[in-house]
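Q: Could you walk me through how the strands and helices are arranged here? I have the structure open, so just point me to the right spots.

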Amino acid sequence: MTIAPDVLKRAPKVVLHDHLDGGLRPETLVELASEASFKKKNPKFALPSYDAKTLAEIIQRGANSGSLVEYLKPFEYTVAVMQNAEAITRIAAECVEDLAADGVVYAESRFAPGLSTEHGLSESQVVEAVLAGFELGMKNARVAGNDIEARALVCTLRHWEPTRSVDAAKVAIDFHNSGVVGFDIAGPEKGFPASDHVQAFMLLRDNNVPFTIHAGEADGVASIVDALSLGARRLGHGVRIVEDINDDGQFGATATRVRDERIALETCPCSNVQTGAVAHMAEHPLRRLQELGFAATINTDNRLMSGTSMTNEFTVGVEQLGLDLENLEQLTITAMKSAFCDETVKKERLEKIVAGYRALS
């Protein structure tokens, strides 16, 4: 299957699984880490290179280790520079601008405000800085001729104390429908069940804040069952749901529920191979999941760490997974229908997506 690169670039895209702290421009990372004020507060901190191109290569080399733990290590660099409001707002604005320039018409980018409080910001101030950046990014994107709607997901981490997750949930509730549309739990999956944080998820449910849960990436079907028990409406990655489908295409109870209840799978092909969730790209189950009727979507995960973009994920899908333009349109429509934004935005974006693909035909 071949689709012209310019067509893939122009195709409307929706990204539901994109980490703000995993998508910094390497030039911005170098610039922020080089500022005198940053060095004064972080005298022992050093990037492995202060050349943006070399730094990106080093980070992406680590991402290709085949280990989620190794993949996560470079976040210590990005999180370190996300400790003041000005830097956070800049990073958030650039995130939106970069996604919009790549053809993304709707984005949900996630971040853990608790990671940006080392120098005195409160979690609420972190969220305010991100949302200010999103607003600026949307404005700048439209000036550049790119129409995008961007929303935020507040994250907690699996290995944190449950009380920290409750605090993050309260912040998500406070900003719900003011730029924040949902919640997530990320971090090391194996050995850290999401259900350890049940109080946070109960609080979210009581306040009608939808949430996705990283599951079915570094751990298998049991982790997905755990996520579903909490009320997850989407699964971060979720590719290991295929372990509940036998070679004859017969579904286990969990796969049946995920398919029938339209629990969206936020697959990230490049990242899934890099972290070892999928052994080889040729084995990535995205197309199979779509054909079997799952609410499959395609996403970036961490644009800096994986050296990717939505256009690149589309390209990989076409060249290595055999997707065609109709598959890509359906993946995009499914993602938009699975978004956590309000119905007015959802309807308007869906119309834009359908019209955009019609123009490509």
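Q: How many bridges join β5 to β6, and which way do they run?
A: Happy to start there. In this predicted model, β5 and β6 (residues 234-237) are joined by 4 bridges, and the two strands run parallel. If you want a residue pair to look at, I213 stands opposite L235 in β6.

Q: What makes the β-α-β unit with β5 and β6?
A: Helix α11, residues 221-230, makes that unit together with the two strands, and the unit is right-handed.

Q: And how many bridges for β6 and β7?
A: There are 3 bridges for that pair, in the parallel sense. R234 is a good place to look, since its opposite residue in β7 is A264. Helix α12 (residues 253-260) makes a right-handed β-α-β unit with β6 and β7.

Q: Nice. What joins β7 to β8?
A: Strand β7 covers residues 264-267, and 3 bridges join it to β8 in a parallel run. In β8, I298 stands opposite T267.

Q: So what's the strand order of the sheet, and is it open or closed?
A: The sheet is open, with 4 strands in the order β5-β6-β7-β8 and parallel pairing. Its edge strands are β5 (212-215) and β8 (296-298), each pairing on one side only. On average, neighbouring strands of this sheet are turned by 25° against each other, with direction ignored.

Q: Let's switch to the other sheet. What order do β1, β2, β3 and β4 have?
A: The order is β1-β2-β3-β4, in an open sheet of 4 strands with parallel pairing. At its edges stand β1 (13-19) and β4 (180-186); each has a single partner strand, so one side of each is left without a neighbour in the sheet. For this sheet, the average turn of neighbouring strands against each other is 25°, direction ignored.

Q: How many bridges join β2 to β3?
A: Strand β2 (residues 104-111) and strand β3 (residues 149-157) are joined by 6 bridges and run parallel. One bridge to click on has F111 with its partner V154 in β3.

Q: Which strands does α8 lie across?
A: Helix α8, residues 123-143, lies across β2, β3 and β4, and runs at about 155° to β3.

Q: And α18, which strands does that helix lie across?
A: Helix α18 (residues 343-360) lies across β1, β2 and β3. The angle at which α18 runs to β2 is about 130°.

Q: Helix packing next. At what angle do α9 and α10 cross?
A: Helix α9 (residues 162-174) and helix α10 (residues 198-206) cross at roughly 15°, and their axes come within 8 Å. That angle makes α9 roughly parallel to α10. The crossing of α9 past α10 is right-handed.

Q: Which residues in α9 and α10 meet?
A: From α9 you have S165, V166, A169, K170, A172 and I173, and they meet Q199, A200, L203 and L204 in α10. By class, the residues of this contact divide into 7 nonpolar, 2 polar and 1 charged.

Q: What about α2 and α4, at what angle do they cross?
A: The axes of helix α2 (residues 26-34) and helix α4 (residues 52-63) cross at roughly 110° and come within 8 Å. That makes α2 roughly perpendicular to α4.

Q: Which residues meet there, in α2 and α4?
A: P26, E27, L29 and V30 are on the α2 side, meeting A52, L55, A56 and I59 in α4. The contact of α2 with α4 has 7 nonpolar residues, no polar ones and 1 charged.

Q: Last one: how far apart are the axes of α2 and α7, and at what angle do the helices pack?
A: Their axes are 11 Å apart, and α2 packs with helix α7 (residues 85-101) at an angle of about 170°. That makes α2 roughly antiparallel to α7.

Q: And which residues in α2 and α7 meet?
A: T28, E31 and L32 in α2 meet A87, R90, I91 and E94 in α7. The contact of α2 with α7 divides into 3 nonpolar, 1 polar and 3 charged residues.

Conventions: Residues are numbered from 1 along each chain as its sequence is written. This is a predicted model: local features need pLDDT of at least 70, side-chain atom pairs count only at pLDDT 80 or more; totals for chains, interfaces and linings use all residues. Side-chain values use heavy atoms; hydrogens and water are left out. Two strands pair if DSSP finds at least two bridges between them. Axes are lines fitted to C-alpha atoms, for helices over the stretch in contact, and angles run from 0 to 180 degrees between N-to-C directions. A crossover is right-handed if, with the strands pointing away from the viewer, the path from the first strand over the helix to the second runs clockwise. Angles under 35 degrees count as roughly parallel, over 145 as roughly antiparallel, 65 to 115 as roughly perpendicular and the rest as oblique. A crossing is left-handed if the near helix is turned anticlockwise from the far one by less than a right angle, and right-handed if clockwise. Contact means heavy atoms within 4.5 Å. Ala, Val, Leu, Ile, Met, Phe, Trp, Tyr, Cys and Pro count as nonpolar, Asp, Glu, Lys and Arg as charged, and the others, Gly among them, as polar.
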